[in-house]
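Hello,

Here is the structure I promised to pass on to you. Have a look at it first, and then read on for what turned up in it.

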Amino acid sequence: VQLQASGGGLVQAGGSLRLSCAASVRAFSSYTIGWFRQPPGKDREFVAAIYWSGGTTYYADSVKERFIISRDSAKGTVFLQMSSLIPEDTAAYYCAAPPRLSEVRDKIRDEKVYAYWGQGTQVTVSS
(Lines give C-alpha, C1' and ligand atoms only; values in the text may rest on other atoms or scores of the structure.)
Protein backbone atom coordinates (compact mmCIF):
# COMPACT_ATOMS: atom_id res chain seq x y z
CA VAL A 1 0.00 0.00 0.00
CA GLN A 2 1.46 3.33 -1.05
CA LEU A 3 -0.03 6.62 0.08
CA GLN A 4 0.85 9.99 -1.41
CA ALA A 5 -0.19 13.14 0.45
CA SER A 6 -0.26 16.49 -1.30
CA GLY A 7 -1.88 19.91 -1.22
CA GLY A 8 -0.04 21.57 1.64
CA GLY A 9 1.20 25.13 1.50
CA LEU A 10 1.31 28.52 3.13
CA VAL A 11 -2.02 30.19 3.89
CA GLN A 12 -3.19 33.11 5.97
CA ALA A 13 -5.32 32.60 9.05
CA GLY A 14 -8.95 32.21 8.06
CA GLY A 15 -8.04 30.67 4.75
CA SER A 16 -8.62 27.21 3.32
CA LEU A 17 -6.62 24.33 1.88
CA ARG A 18 -7.55 20.93 0.52
CA LEU A 19 -5.20 18.05 1.14
CA SER A 20 -5.29 14.92 -0.98
CA CYS A 21 -4.17 11.39 -0.17
CA ALA A 22 -3.81 9.20 -3.23
CA ALA A 23 -3.60 5.47 -2.57
CA SER A 24 -1.90 2.99 -4.87
CA VAL A 25 -3.82 -0.05 -3.75
CA ARG A 26 -6.43 -2.48 -5.00
CA ALA A 27 -9.81 -2.48 -3.27
CA PHE A 28 -9.31 1.08 -2.04
CA SER A 29 -12.78 1.14 -0.52
CA SER A 30 -11.71 -1.61 1.88
CA TYR A 31 -9.30 0.70 3.66
CA THR A 32 -9.93 3.17 6.44
CA ILE A 33 -7.90 6.32 5.78
CA GLY A 34 -6.79 8.65 8.52
CA TRP A 35 -5.09 12.02 8.67
CA PHE A 36 -2.60 12.87 11.38
CA ARG A 37 -0.48 15.94 11.93
CA GLN A 38 2.71 16.79 13.74
CA PRO A 39 3.13 20.42 14.81
CA PRO A 40 6.69 21.70 15.22
CA GLY A 41 8.25 20.29 18.39
CA LYS A 42 5.17 18.25 19.29
CA ASP A 43 3.96 14.69 18.99
CA ARG A 44 1.90 13.49 16.09
CA GLU A 45 -1.84 13.73 16.68
CA PHE A 46 -5.03 12.43 15.13
CA VAL A 47 -6.95 14.81 12.88
CA ALA A 48 -9.66 12.90 11.02
CA ALA A 49 -10.52 9.52 9.57
CA ILE A 50 -13.04 7.94 7.25
CA TYR A 51 -13.98 4.35 7.95
CA TRP A 52 -13.91 1.75 5.21
CA SER A 53 -17.36 0.37 6.07
CA GLY A 54 -20.16 2.86 5.64
CA GLY A 55 -17.91 5.88 5.30
CA THR A 56 -18.35 7.03 8.90
CA THR A 57 -16.16 10.03 9.65
CA TYR A 58 -14.29 10.88 12.81
CA TYR A 59 -12.67 14.15 13.85
CA ALA A 60 -10.46 15.54 16.56
CA ASP A 61 -12.32 18.09 18.67
CA SER A 62 -9.83 20.76 17.60
CA VAL A 63 -10.85 20.52 13.94
CA LYS A 64 -14.51 19.58 14.16
CA GLU A 65 -16.74 22.05 12.25
CA ARG A 66 -13.69 23.31 10.31
CA PHE A 67 -12.31 20.24 8.52
CA ILE A 68 -14.15 17.75 6.34
CA ILE A 69 -12.79 14.38 5.27
CA SER A 70 -14.21 12.67 2.20
CA ARG A 71 -13.25 9.96 -0.26
CA ASP A 72 -13.53 9.41 -3.98
CA SER A 73 -13.25 5.65 -4.30
CA ALA A 74 -13.22 5.77 -8.09
CA LYS A 75 -10.06 7.88 -7.93
CA GLY A 76 -8.57 6.09 -4.93
CA THR A 77 -8.23 9.40 -3.13
CA VAL A 78 -9.20 10.82 0.25
CA PHE A 79 -9.52 14.56 0.73
CA LEU A 80 -9.19 16.75 3.79
CA GLN A 81 -10.91 20.08 3.24
CA MET A 82 -9.58 22.52 5.81
CA SER A 83 -11.35 25.81 6.41
CA SER A 84 -11.06 28.65 8.93
CA LEU A 85 -7.43 27.76 9.40
CA ILE A 86 -5.64 29.05 12.47
CA PRO A 87 -1.89 29.22 13.23
CA GLU A 88 -2.30 26.22 15.56
CA ASP A 89 -3.09 24.11 12.49
CA THR A 90 0.50 24.55 11.31
CA ALA A 91 1.99 21.07 11.04
CA ALA A 92 3.21 18.33 8.77
CA TYR A 93 0.11 16.39 7.73
CA TYR A 94 0.24 12.66 7.08
CA CYS A 95 -2.29 10.23 5.69
CA ALA A 96 -2.27 6.65 6.87
CA ALA A 97 -4.17 3.39 6.62
CA PRO A 98 -4.61 0.33 8.82
CA PRO A 99 -4.54 -3.09 7.14
CA ARG A 100 -7.41 -3.80 4.77
CA LEU A 101 -10.83 -4.44 6.35
CA SER A 102 -9.51 -3.70 9.83
CA GLU A 103 -12.15 -3.35 12.52
CA VAL A 104 -10.66 -0.36 14.25
CA ARG A 105 -13.62 1.83 15.13
CA ASP A 106 -12.71 1.91 18.82
CA LYS A 107 -9.06 2.68 18.08
CA ILE A 108 -9.39 4.86 15.01
CA ARG A 109 -7.65 7.79 16.73
CA ASP A 110 -4.68 5.62 17.75
CA GLU A 111 -1.79 5.88 15.32
CA LYS A 112 -0.60 2.43 16.39
CA VAL A 113 -3.33 0.75 14.33
CA TYR A 114 -2.16 2.42 11.14
CA ALA A 115 0.29 0.22 9.27
CA TYR A 116 0.82 2.30 6.15
CA TRP A 117 1.93 5.91 6.06
CA GLY A 118 2.46 8.46 3.34
CA GLN A 119 5.07 11.17 3.43
CA GLY A 120 4.03 14.41 5.06
CA THR A 121 2.77 17.53 3.40
CA GLN A 122 3.50 20.79 5.20
CA VAL A 123 0.73 23.21 6.12
CA THR A 124 1.76 26.61 7.44
CA VAL A 125 -0.85 29.09 8.64
CA SER A 126 0.36 32.64 9.13
CA SER A 127 -1.33 35.03 11.56
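Contact here means heavy atoms within 4.5 Å. Please also keep in mind that this is a predicted model.

With that in hand, let's start at Thr90, a residue in the loop between S8 and strand S9 (91-97). Which residues does Thr90 touch, leaving aside those up to four places away in sequence? They are Pro39, Pro40, Gln122, Val123, Thr124 and Val125. With Val125 there is also a polar link, as the side chain of Thr90 reaches the backbone nitrogen of Val125 at 2.9 Å. Is Thr90 buried or exposed? Its relative accessibility is 16%, so Thr90 counts as buried, the limit for that being under 20%.

Another loop residue to look at is Ala60, between strand S6 (57-59) and S7. Ala60 is buried as well, with a relative accessible area of 12%. Again not counting residues up to four places away in sequence, Ala60 touches Phe46 and Val47. From Ala60 to Glu45 the distance is 8.8 Å, C-alpha to C-alpha, and the two are 15 residues apart in sequence.

Next, the sheet. Four strands, in the order S1-S3-S8-S7, make up an open sheet of 4 strands with antiparallel pairing. Strand S1 (2-6) and strand S7 (67-72) are at the edges with a single partner strand each, so one side of each has no neighbour in the sheet. From one strand to the next, the twist averages 15°. Inside this sheet, strand S3 (residues 17-24) and strand S8 (residues 77-82) run antiparallel and are joined by 6 bridges. If you would like one pair to find on screen, take Leu19, whose bridge partner in S8 is Leu80.

Now to the aromatic rings, where there is plenty to click on. How many aromatic pairs does the structure hold? There are 5. One of the pairs is Phe36 with Trp117: the ring centres are 5.1 Å apart and the planes stand at 55°, so this pair is tilted. Phe36 belongs to strand S4 (residues 33-38) and Trp117 to strand S10 (residues 116-117), so the pair ties together parts that are 81 residues apart in sequence. The two partners can be set side by side: Phe36 is buried, with a relative accessible area of 1%, whereas Trp117 counts as partly exposed at 28%. Both rings belong to one aromatic cluster, formed by Phe36, Phe46, Tyr114 and Trp117. Phe46 will be familiar from above, as a residue that Ala60 touches.

Charges sit over rings here too. Arg44 lies over the face of Trp117, 3.8 Å from the ring centre. The charged end of Arg71 is placed over the ring of Phe28, at 4.6 Å from its centre.

Finally, a word on the backbone. Most residues other than glycine have a negative phi. Ala27, in the loop between S3 and S4, has a positive value, near 55°. Glu65, in the loop between S6 and S7, also has a positive phi, near 75°. Ala27 is partly exposed, with a relative accessible area of 36%, while Glu65 is exposed, at 77%.

Enjoy exploring!

Best wishes

Terms used: Residues are numbered from 1 along each chain as its sequence is written. This is a predicted model: local features need pLDDT of at least 70, side-chain atom pairs count only at pLDDT 80 or more; totals for chains, interfaces and linings use all residues. Side-chain values use heavy atoms; hydrogens and water are left out. Two strands pair if DSSP finds at least two bridges between them. Helices (H or I, at least four residues) and strands (E, at least two) are DSSP runs, numbered from the N terminus. Axes are lines fitted to C-alpha atoms, for helices over the stretch in contact, and angles run from 0 to 180 degrees between N-to-C directions. Rings of Phe, Tyr and Trp (its six-membered ring) pair if their centres lie within 6.5 Å; planes under 30 degrees apart count as stacked, over 60 as edge-to-face and the rest as tilted. Buried means under 20% relative accessible area, exposed over 50%, partly exposed in between (1.4 Å probe, protein chains only). A charge sits over a ring if NZ of Lys or CZ of Arg is within 6 Å of the ring centre and within 35 degrees of the ring normal. A polar contact is a pair of N or O atoms within 3.5 Å; within protein, one must be able to donate a hydrogen and the other to accept it, and residues adjacent in sequence count only if both atoms are side-chain atoms.
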